[in-house]
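Student: I have a new model open on my screen and would like some help reading it. Could we go through it together?

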Amino acid sequence: GIQLCAFVDGELVVNECAGEHGPADPRPVAVDSLFSIFSCGKAIAAALLLALVEDGALDLDARFDQQANPLLRDFFLPPTNARLAPRDLLEHTAGFANAWPPKFLAALRRLDADYFASGRKPWLDAVRWIRTRATPGPDLGAFSYHAVSFGWLVGGLAEAATSLNFDDLLVSRLTRQLGVDTHVYARLPLPAQRRRSISLDDRPSERDPHPHPHPATPDDDDLVQDVWSRLTHVCLADKELDGLRGANDDALGLDPRLINEASLRSQLLPSSTMHASAYGCATIFAALANGGKLADGRRFLKDDTALRFATDFTNACSSRDADLASTCAPFGFRPYVLTGGERCGHVQKRRFAFGHAGLGQLHCLGDPATGIAIACLVNELSSSPNCAEIALRFALAELGGGHLES
């Protein structure tokens, strides 16, 4: 199934859907169906941190031991608290890309369903370990994508700065202000909304012919345990896999049988836990690309905060080399390079939209130069060609947003 939503100058212009939830669930996709948005959630967490900066809860550029907020001065122990600033955590330059808490990793390798189903404990264990025991690696200061540890670092930072639960903070400071608190959830929503949730289609392909069990919607503890039993069978008993694929720095593999299991992903908050509709994602990007507000007046940032973000993001991208995707993530967003477009007078000069992609064909972007924001969510792990990218390019062209280079 697919959802496509687009805004221009903060006004909704497209909100369409097609297809089914998946092979195990033939219900049609609706505009309020909730997709697992995986790493697109990193961008939503980044938008939340911009709001916390505006509120004075943290300073992106001050080292932790120099933060005005006393709750953050001991976020890391010395000497790490004097070496890192919040921006390092947000922009994947903290040197923790390969940081895996030993207790978490051990539970993962033995597929300990009980541990990962024990509420917030595994997440809190991971946050505590990375704050007090982990040491930045040699890549400190250089971009190195923190696929998993981003969640423990940025999620832990948001909670430490505000003394609020991340889930509640996301609602109170971002989604409710934009009217999308029923379209964006920090993790799998409550049972009343779970019927809207779509599981990633991770069926076997020619590239990966191994059977992939579909994840449970954990309304039923027995069902969750059954999923982990099947995971144990295919991951630990499959001679070709020889246990879990990947070394310590890639413990998930990213074997979709693991990353697609909701009770495990809930412990990676907010790296890959969020559930959202395309409308929810596009709304947040639309506000950020339009001075922090929507056309109807709903807002989560002041005009000057959003303008400063857009300017600084462009400047950060312009100072990098051509291979932007592998060298930077200013403010926690990934650059999308655009050229031309009717709304830019067909000028062919390169410009930079902020956005993020996610596992399973997911794309979200916002372009302050044109006021265009688009989210395209496709419920499929692997496909050729990439349907979401094709839909994104088509929508950009139709809305006068120009050509997507990369």
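What follows is a friendly set of questions and answers on this structure.

Tutor: Two notes before we start. Residues are numbered from 1 along each chain as its sequence is written. This is a predicted model, where local features need pLDDT of at least 70, side-chain atom pairs count only at pLDDT 80 or more, and totals for chains, interfaces and linings use all residues, while side-chain values use heavy atoms and leave out hydrogens and water.

Student: How many helices and strands are there in the protein?

Tutor: Both are DSSP runs, numbered from the N terminus: helices are H or I with at least four residues, and strands are E with at least two. Counted that way, the protein has 14 helices and 13 strands.

Student: What share of the residues counts as buried?

Tutor: Buried means under 20% relative accessible area, exposed means over 50%, and partly exposed lies in between, with a 1.4 Å probe and protein chains only. The protein has 406 residues, and the buried share of them is 57%.

Student: In what order do the seven strands of the open sheet run?

Tutor: Two strands pair if DSSP finds at least two bridges between them. The pairing in this sheet is antiparallel. β2 (11-18) and β13 (403-404) stand at the edges, because each has a single partner strand and so one side without a neighbour in the sheet. The order is β2-β1-β12-β11-β10-β9-β13.

Student: Which residue in β12 stands opposite Leu4?

Tutor: Strand β1 (residues 2-8) pairs with strand β12 (residues 372-378) in the antiparallel sense, over seven bridges. Within β12, the residue opposite Leu4 is Cys376.

Student: What angle does helix α14 make with β12?

Tutor: Axes are lines fitted to C-alpha atoms, for helices over the stretch in contact, and angles run from 0 to 180 degrees between N-to-C directions. Contact means heavy atoms within 4.5 Å. Helix α14 (residues 387-398) packs on the sheet and touches β1, β9 (334-339), β11, β12 and β13. Its direction relative to that of β12 is about 155°.

Student: Which residue in β8 is the bridge partner of Tyr185?

Tutor: Four strands form an open sheet with mixed pairing, in the order β6-β8-β5-β7. β6 (184-185) is one of the strands at the edges, with a single partner strand. β6 and strand β8 (residues 275-276) pair in the antiparallel sense over two bridges, and the partner of Tyr185 is His275.

Student: Why does Thr283 count as buried?

Tutor: Thr283 is found in helix α12 (residues 278-288). Not counting residues up to four places away in sequence, Thr283 touches Phe7, Leu178, Val180 and Leu294. Thr283 counts as buried because its relative accessibility is 0%.

Student: How far apart in space are Ala286 and Asp367, C-alpha to C-alpha?

Tutor: Ala286 also has a place in helix α12, and is buried at a relative accessible area of 0%. Leaving aside neighbours within four places in sequence, its contacts are Phe7, Lys293, Leu294 and Ala373. Ala286 and Asp367 are 81 residues apart in sequence, and their C-alpha distance is 8.5 Å.

Student: Is Asn290 buried or exposed?

Tutor: Asn290 is found in the loop between α12 and α13 (303-318). Leaving aside neighbours within four places in sequence, Asn290 is in contact with Asp9, Gly10 and Ala295, and a polar atom of its side chain lies 3.5 Å from the backbone oxygen of Asp9. With a relative accessible area of 17%, Asn290 is buried.

Note on methods. A polar contact is a pair of N or O atoms within 3.5 Å; within protein, one must be able to donate a hydrogen and the other to accept it, and residues adjacent in sequence count only if both atoms are side-chain atoms.
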